[in-house]
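Let us look at how the strands of this structure are arranged, taking one question at a time.

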Amino acid sequence: DPEYFDEDEYPLCFDEKWETQLKRRALWGAVRTALPEERRVSHILLSSVYSIVADAGPGPGMCNAPGTKKLRATLREAKAATVGAKVYALFAVNDADFSETDKVPDVVAWNEYCAKCWNEKFDGVAINNEHFSSIK
């Protein structure tokens, strides 16, 4: 139903859960819950990061995209809030070419040039391509 994807009608479905410090605090609170080890969060898939990591690189003015400081803080907080959890950049283009893979070098560049310390680095990349569902 196309109406389901109407951001104005369903704003909470499109809310960035890491957009503000208050939202991140709520997210980390949920992650920190005292669960048995086998039920603890082991991976965090962080979406909506491409516009930030696409600016990564060694040249002047690089690593200055809007949101860079927020992303660094989010990565640091995620790794502090979880014991041993991995943080992955999540991409979902959903095309036949699986072009999410083209974004991986940007995450590598972020880790190399923009992360100022180990806990500002992504541990990997996750891909959610649902194009296969349109193949009959």
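Two strands pair if DSSP finds at least two bridges between them. The model discussed here is a predicted one.

Q: Which residue in β3 is the bridge partner of L90?
A: Strand β2 covers residues 86–91 and is joined to β3 by four bridges, the two strands running parallel. Within this pairing, A89 stands opposite V125, and the bridge partner of L90 in β3 is A126.

Q: Along β3, which residues point to one face and are buried?
A: In a regular strand the side chains alternate between the two faces of the sheet. Strand β3, which spans residues 124–127, shows this alternation, with V125 and I127 pointing to one face and not being buried. The residues that point to the other face and are buried, meaning under 20% relative accessible area, are G124 and A126.

Q: What is the order of the strands in the open sheet?
A: The sheet has three strands with parallel pairing. Its edge strands, each pairing on one side only, are β1 (43–46) and β3. The order is therefore, with strands that pair by at least two bridges, β1-β2-β3.

Q: Which helix makes a β-α-β unit with β2 and β3, and is the unit right-handed or left-handed?
A: The helix in this unit covers residues 104–114 and is combined with the strands β2 and β3. The helix is α4, and the unit is right-handed.

Terms used. Residues numbered from 1 in each chain as written. Predicted model: local features only at pLDDT ≥ 70, side-chain atom pairs only at ≥ 80, totals over all residues. Heavy atoms only, no water. Buried < 20%, exposed > 50% of the residue type's maximum accessible area, 1.4 Å probe, protein only. Right-handed = clockwise from strand over helix to strand, strands pointing away.
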